[in-house]
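Welcome! Here is a short guided tour for anyone opening this structure for the first time. Take a look at the sequence and the model, and then read on.

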Amino acid sequence: MARYSFLELAKNAFSAHKNWGRQWRAPEPKAEYDIVIVGAGGHGLATAYYLASEHGLKNIAVLDKGWLGGGNTGRNTTIVRSNYLWEESAALYQHAIDLWEGLSQELNYNVMYSQRGVMMLAHTVHDIQVFKRHIHANRLAGVQNEWLTPEEAREFCPPLNIQKNIRYPVMGAALQRVGGTARHDAVAWGYARGADSLGVDIIQNCAVTGIRRGADGAVEGVETAKGFIKAKKVGVVAAGHTSVLMEMAGVRVPLESNPLQALVSEPVKPAFPCVVMSNTIHAYISQSDKGELVIGAGTDQFVSYSQTGGIHITTHTIDAICELFPMFRRMRMLRNWGGIVDVTPDRSPIIGKTPVPGLYVNCGWGTGGFKATPGSGHVFAHTIAKDEPHPINAPFTLDRFRTGRLIDEAAAAAVAH
Amino acid sequence: MLLIECPYCGVERPELEFRCGGEAHIARPEDPSGKTDEEWAEFLYMRTNTKGVYAERWRHIHGCGRFFNAVRDTVSDKFLKIYKAGEPMPDLASLAKEAGK
Amino acid sequence: MSQPYRTEKGGQIDRDRKISFTFDGERMEGYECDTLASALLANGVHLVGRSFKYHRPRGILTAGSEEPNALVGIYRKGDQTPNLRATQVELYDGLEAISQNRFPSLSFDIGAVNDLLSPLFPSGFYYKTFMWPKAFWDRVYEPVIRAAAGLGKPPKNPDHDRYANLYAHCDVLVIGAGPAGLAAALAASETGARVILCDEQASLGGSLLSETTATIDGKQPADWAEDTVADLAARDNVTLLPRTTAFGYYAQNFVALAERVTDHMADPDPALPRERLWQVRAKEVVIAAGSIERPMVFPENDRPGILMAGAARTYLNRYGVKAGQKVLVATACDTAWQAAFDLADNGVEIAAIADTRKIVPEALMTIAEARNIKVRTGCVVTATQGRKRVSGALLGHVSSTGAVSSAGDVACDALLMSGGWTPTVSLYSQSRGKVVWDEASGNFLPGAHPQNERSAGACRGLYGLNAVLEDGYAAGEDAAKSATGKSAKCTYAVATGAHAGEGGTLGDLPNDRDASRVKAFVDYQNDVTAKDVKLAVREGMHSIEHIKRYTTTGMATDQGRLSNMNALAIASTALDKPLPQVGLTTFRQPFTPTSFGTFATSSRGDFFDPVRKTPSHQWAVDNDVVFEDVGQWKRSRYFPKDGEDMHGAVARECQVVREKVGLFDGSTLGKIEVVGPDAAEFLERMYTNPWKGLKPGRCRYGLMLNDAGFIIDDGVIGRIAEDRFHVTTTTGGAAHVFATMEDYLQTEWPDLDVWVTSTTEQYAVIALQGPLARDAIAPFISGIDLSPDAFPHMSVATGTFSGVPCRLFRISFTGEIGFEINVPRRHGTMVWDTMAAEIEKLGGVVYGTETMHVLRAEKGYIIVGQETDGTVTPDDVGMSWAIGKKKKDFVGKRGLARPDLIAEGRKQLVGLLTKDPRIVLEEGAQVTKVPDPAKGTSAEGHVTSAYHSPAAGRSIALAMVKDGRALHGKTLYIPMPGGAIEVEVTEPVFVDKEGGRLNG
C-alpha cells in the first residue's frame, strides 16, 4: 500500500493518477473468522483496526448491510468534544480526543481533525450552574473546558448575537478549545484502509440475518446474505439497528431508535470559526471546510427507522440558529437528511460484554457517537480481544440498568426550580 | 409531521398535538417489591424497538388529554391501527401482513 | 449597441419597459420579465462566475433552477444574499448583482492558478496530504483551504426582512405548471376539488413558454398556457402559486412550499414578507416536475458560451435572446435540433450540428438541409477553445469500434449541447418512493407510490406534448376522484406539431486525447470530471455513495440533478456493472436551496417562544427588576435599588425578609388539583409520603420519584377536603409532573376514581414571608382565623382576600412565618399591588428568586434540579423521613431497592463552611480530600449551592459529598485554578437550626 504524502501525490500527478491502488479490497467472505464485527461504520472499522494493530488479531471480518461508513458516520455533524460531566464519560471521550490528535498520522489518512473549539451556550441561570459544574469537574479530570462571558463568547465567535433582543439571551458559554470537528467520511475510510492493510476483510452489502448460538448458548457465527460465517466472537456495532441485531441473539437492550436530522447550507466563504452548541434552544452549528454551515437538528419523538424526520424538527433548529446568528436568515438550506440514533435511558453508550458468551455490543451513542469513534473502537477492541472491558469502558455495562449505576448525562442538565 | 387520528376525539390532527409515550402494553408490575432487579430493569428500560410493525402509546396532550395506543410501521411511519387504552394489543403479525410487509 | 443579442421581436418580455441593472458594477439594460441570466445574455455576457475548485471561468449553462454555474450575489439594502441563481433572479430596476468566488475580479482571478495546478488536486487529494507537520493542519492548511472554499460571501448584517408561514389543506396539490401540471389542475378542479397549483417560475406554463413549433387547440402553446392560467385563476377552488417551489415532501402527504414574494420587486411594500412558507396537507398530490436536459461530458465542456440546447431555445423563444451569433450544436438527441432550427430562423448562423448518432431521423435532416445547416453525424466534440468565451471546438468522428479520429474544427461563439433528458424524480424520491430503472429510455422512473401521489408527464418519462397533456388530465382526474370521490368530464386540449424527440447519451463521450488528462466535467459547480469519477472507482469506491462523497459529484447546490446520471454511467462503465446496480443516491429536501428565514418565519425575539408572565410582571418592570428566564416564565430575579449590584440587592432583600417581611411572586409554581374518592390513594402511590392520614386543612411536603428511584420533583400538598388536594410542583417540573400523573392514572390505575387538573394558570400565588407576614395580610383576609393556634405552620384554608376568594397556605420556604395567597389569576395583580403597598408601610421588601434561593439555602431546603441532578435518592438528601415506611408501594419504591441505590459511599447532602468566611464558593466546584489532587482524581462531591448569607454573617454552601453525613466537622478542599479553598463539613442548616421562627 502506497503511503500517502504530498510527494506521493506529486509523483502520481505525473502518471495522471492512474497508479493509485485501492484503498481497501472488496473480498468475498471466508467461511470462518476469529472475530466478526457487524457494522462497518466508524466505530466498527476502528474496532477492527485496533484489534489488528494493537492486539495482533488479523483474522477479522467487518460486515455491513450497505456501504462502509454509510450509517451515522456519514450523517452526523462531526462535532468532537470531551467536556462531559461524569468522570466516566469525560474519560471515555477524552480518550477519544487523545487518539483524534494523532489519528491522521497514525492512519496516514487526513481525517481533518480541526481543533477549532466547541462553545456551549448558557441561556439561563440554571445553564450557568450546570456548565460551571462541568468545567470544575473537567478540570479535576484533566479535561480542558473553560467559562466565557458573553463578550468573550462573541470575541471567540464574532457572528454570535449577545444582545438582549432575543428570547433567551446568551449569558455565557463553556468553551472546550481542544474540541472541534473532523471529516466524517475520512474517518471511516481511513480506518477501513488501515484495517484492510492489516488483513481485515471488509465485506459490504452483506446483511447479517441471524446470530447463531450453540447448545451452550455461546455465539457460533452469523447468518448473512452471503451465507453462514463462523466466528467465536461477534461484536455488534450497528448504530440504528442494534435492537434488531441483538434480538437475533435473544438479547434485549434498553434502546429506542429515533430519526435525528441534520442539514447544511449552501457553501459560503468563511463565516463561522468554531463550533457552537446550545442545548437549551437546540442549535448546533459549525462551518465545514467546504464552506457549508453544518447544523444539527433534533430527533423525532417516536421510534422510526426511516432516516427522515418531520419538518417541524428542522424548523425548530433553524429558528434557534436565526436567533443566535440573525445574519444567517438569508443563508439557504442546501440539504437536509436524517440518521437513526439508538438512545439509551441515561444517554450514555453501552460498550461491553452481553449475557451471551462471545457476543459483544457497542451501542447507544444517541446523538453523539461520532466524537468517540477512535476511543470507542479502541476500548471495544480491547474488550473483545481480552474478553473483559478496558478500564475506560468498564462502567458502560449493560448491567448498569439493573444495578441503577447510571451515567446520566441528560438528567444533570434538565431544567430546575 | 405525522397526521394522527385520536380515537377519542375521532379526528385527525397534526403530530404537534400529541406526545409519543413509547412502547405500548408494558404494564407496571402489580407487586413491584416482589420483582427481581432484572425484572425491574426489564420493566423500566428494555424495549422491543421493532423495525417494522410496532405498538406504541400516544397521548393527545394538546387535545383531549387521553392516552391511546397505535400500531405503526416504524419503517414507513404509517399508522396501521389506532385503538383506545385498555383494548388488547392487536395481532401485529396479521397487521403486518395486511400492510404487505 | 444596447442588448446586441436581443432578437428584433418575439418572446414574452415587455419591450416597452426597459430595466437598468448592474453586474459587477457595470450598468446594463434588460426588459421587464427578463431573468438576470437572460438579460446578461442579451448583453452578450456569458462569463458570470468562477468554479469552486479550479476557479475556471464559467458561463450560464441552463435556464432553470438546476443552474450550477451562474450563481451571483444580489445586493440589497446594504447587504448581500449569496449564491442566487441568475436563471431565477427576476430583473428589477436597480438590481445589483456581483459575481462570486473570484479575486480580485471575475476577469482576472488569482485563484485560477488552481487550474494550472489541478494535476495535484484530483478527487480526495486532501485526504492524502496536509498531514505533516501535524501542527500545520489547524494553523496553515485548513485556514488556506477554508478561505479558498465556499462560493459567495455570507450576509453580514441581521436580516430585517419578514417571513411568513401559512398552513393549507387541499384535495389535490399539483406541483409544476407545465403542460402536465396545467392539465392536471384543469381536470382536478373541474370536479370541484380544492386544488393548489405551484410552480417555481414567475410565469406558469413551464416548457410551453418556450415552445413555438407546436399548437394546442390551434393556439400557440404560450398563449394556451396564458388562457389556461386565466381560466384556473377564475375558479374559486383553485389557488395558483407562481414563484413557489415545492421543496420538501414529508410523511402523509405533507408538502412544504417556499413562495418568493418580494425578491423580484424593485420597491416592495414593507408590509409584505420576503418569502412565505406554505405547509400543505394534501389529500392527493400530482407531481408534474418535468425533466431537465443533461449536459454532454466531453473535454472542456465548461467554457462560457457552452450551454444546454434547451436553455438556448428558452432564451430565444421566451426572452428573445440569442445565445450567440455563430452556434455549434452538439447533441445526442433530437430536441437540440429544434433549438438549432429556431436560432437559424432568427438569423443566427449555425456552424454545424454534430450528433453522436450515426443515424438521425430523416425529418430532421430534411429541415436542416432546408436551412443549409451542416450536419455531422457520428461526431463528438473532442476539445473546445476559448478562455472566457468559447471560440471553437474540435470534432471527432467515432468509428464503429469506438475509435475517434479528428473531424476538423469549428469556430463558434456559442456551443449548445444536449445529452438527452432526465426526468425530475427528486420529489417522488422524497416521498419515499423507490425509482426503477427503465432500460428503454435509459432513465430512472417513479416506481410504486408509497403515498397518495402520482407523477405525470415528463417526470415519469413521457415525452411528446400531446402525451404529456393527456397524462396530466388523467392524473388530475384520478387524483380528484381519489380525494373527493367525484369525477367530472373534462375536455382534453389536443396538441399537434411537436414531436417527442428521441435519443440521448449517458456518461463521458469518447475522444482522441489522453482521457486521464482532459477535463470533461460531470459536476460543474464542484469541478468533478469524468477522470475523477474513474479515479474514485480505481481507489475502491464502488458504491455510488462513496463515489459521490469522495469526488463530491452531486453534492453541489443543484443536488446532482444535472450530474447524477452521467456520474452513474461513468461509474457503471468503470465498475463494469450494469448501471441500475450501481444505485442512485437519495434525493433530499429541499428540492432547491431554501432560505433559513423561510423556515424560521416569524419565530424571532418574543415570538421565538411564548413568554409567560406572572401577575407582578408590570409592577416588577416599573420597579427596575432584573428578570431571569425559567422555562418560558419571566421570573423576577432581584430588584436593585440606587445602583446596587445583585449582591447588594440580594443582601438587602434577605435581611429585610428575616427582620420584617418580604413579598414574593410564586405564581410560576406548578399547581394541580387532585380530586375524587381515590385522591388520597392516588397521591399515596405517586409520592413517597403517606397522605391518607393528612387532615383536611393541613399540608405536607411531598417528594416525587421516578420508578427508577430518583427524585424528580417536590412541593407542598394541601388537603382541601377529604377528596380534594391542592398539589404544588416546581416551576420547571409542572408540565412533566402533570403528564406523569395522567400517565399513571390513565394507563396503570384506570380503576382509581380521581381527576387531576392543571391549575397553574388558574391561580396567582403571592407569598409573604417574614416575622411581619401575618400583620401584612391580616387586614385583607376574611373568613380565616390567622392566629398561630388556629392556623399553624403547614395549614391551608379557604377565605377571601379583599372579597376575592382565596386559598391561603401557611407554608414557608424561608424558615420564617410564611403565607401563600392563592387567588384566581385575574385577581393576582390586585393582590400583588395591594400587598406591595402594604409591606412598604411595614418596612418590608419585594424579593426575587435570588433571595428566595439564599433564604432557603440558609435553612438547608433543597431545590430539585440544583441539589439533585436526576441521580439522587431521598436518603441522599437526608429525606428518608419523607418516605412512608408502611406503604406497600409508591412510584420509585422498587427502584430505591436496587443495588447501586443502597450501596455504600453514595453522595449525601451536607453544608460547607469556608475557613475564610468571606469566600463564597462557586456552584459546581468539586470537593476533594486533599488540597492538590492529582489530575484524574475522583471528586468526593460537588458544591450545589453557595451564597453569602446575611443572616449567618458569612458565606454558606450546600454540597453533595460522598458519605457526607459521617464527615461533619471534617476538613475538605475545593480545588480552584488559583489554589484550593479549605472548607469544613457541617449540617446543611445555617440559620435557626431548631426551626422556632416558623411557628411564631
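## A sheet late in chain C

In this predicted model, strand S46 (residues 907–914) of chain C runs antiparallel to strand S51 (residues 979–986) of chain C, and four bridges join the pair. Within that pairing, Leu913(C) has Glu984(C) in S51(C) as its bridge partner.

Which strands make up the whole sheet, and in what order? Six of them form an open, antiparallel sheet in chain C, arranged S47-S48-S49-S46-S51-S50. Strand S47 (926–927) and strand S50 (971–976) of chain C are at the edges; each has a single partner strand, so one side of each has no neighbour in the sheet. A helix joins the picture too: H22 (residues 849–858) of chain C packs on the sheet and touches strands S48 (941–949) and S49 (954–962) of chain C. The direction of H22(C) makes about 110° with that of S48(C).

## Strand S7 and its two neighbours

Now turn to strand S7 (residues 95–98) of chain C. In general, side chains in a regular strand alternate between the two faces of the sheet. In S7(C), Leu95(C) and Ala97(C) lie on the covered face, while Glu96(C) and Ile98(C) lie on the uncovered one.

S7(C) pairs with strand S1 (residues 14–23) of chain C in the parallel sense, through three bridges. Here Phe21(C) stands opposite Leu95(C). With strand S5 (residues 71–76) of chain C, S7(C) pairs in the antiparallel sense, again over three bridges, and Ile74(C) has Ala97(C) as its bridge partner. Both residues of the covered face, Leu95(C) and Ala97(C), thus turn up in these pairings.

## Nonpolar cores

Which residues touch the most other members of the largest nonpolar core? They are Leu45(A), Leu68(A), Trp100(A), Tyr109(A), Trp189(A) and Tyr191(A), in a core of 90 residues. Beyond its neighbours within four places in sequence, Trp189(A) is in contact with residues of chain A, including Trp24(A) and Tyr109(A), and of chain C, including Tyr127(C), Met541(C) and Tyr550(C). Another core, of 82 residues, lies apart from this one; among its members are Val48(C), Ile292(C), Leu307(C) and Leu416(C).

## Domains from the record

An unreviewed UniProt entry annotates residues 617–887 of chain C as "domain: GCVT N-terminal". That span is 27% helix and 30% strand, with its end C-alpha atoms 43 Å apart.

For chain A, an unreviewed UniProt entry lists "domain: Rhodanese" at residues 35–79. This stretch is 31% helix and 20% strand, and its end C-alpha atoms lie 30 Å apart.

Conventions. Residues numbered from 1 in each chain as written. Chains lettered and ligands numbered in written order. Predicted model: local features only at pLDDT ≥ 70, side-chain atom pairs only at ≥ 80, totals over all residues. Heavy atoms only, no water. Buried < 20%, exposed > 50% of the residue type's maximum accessible area, 1.4 Å probe, protein only. Helix = DSSP H or I, 4+ residues; strand = E, 2+ residues; numbered from the N terminus. Pairing = 2+ DSSP bridges. UniProt positions renumbered as here; feature names shortened; annotations may be inferred. Contact = heavy atoms within 4.5 Å. Axes fitted to C-alpha atoms, helices over the stretch in contact; angles between N-to-C directions. Core = buried A, V, L, I, M, F, W, Y, C linked by side-chain atoms within 4.5 Å.
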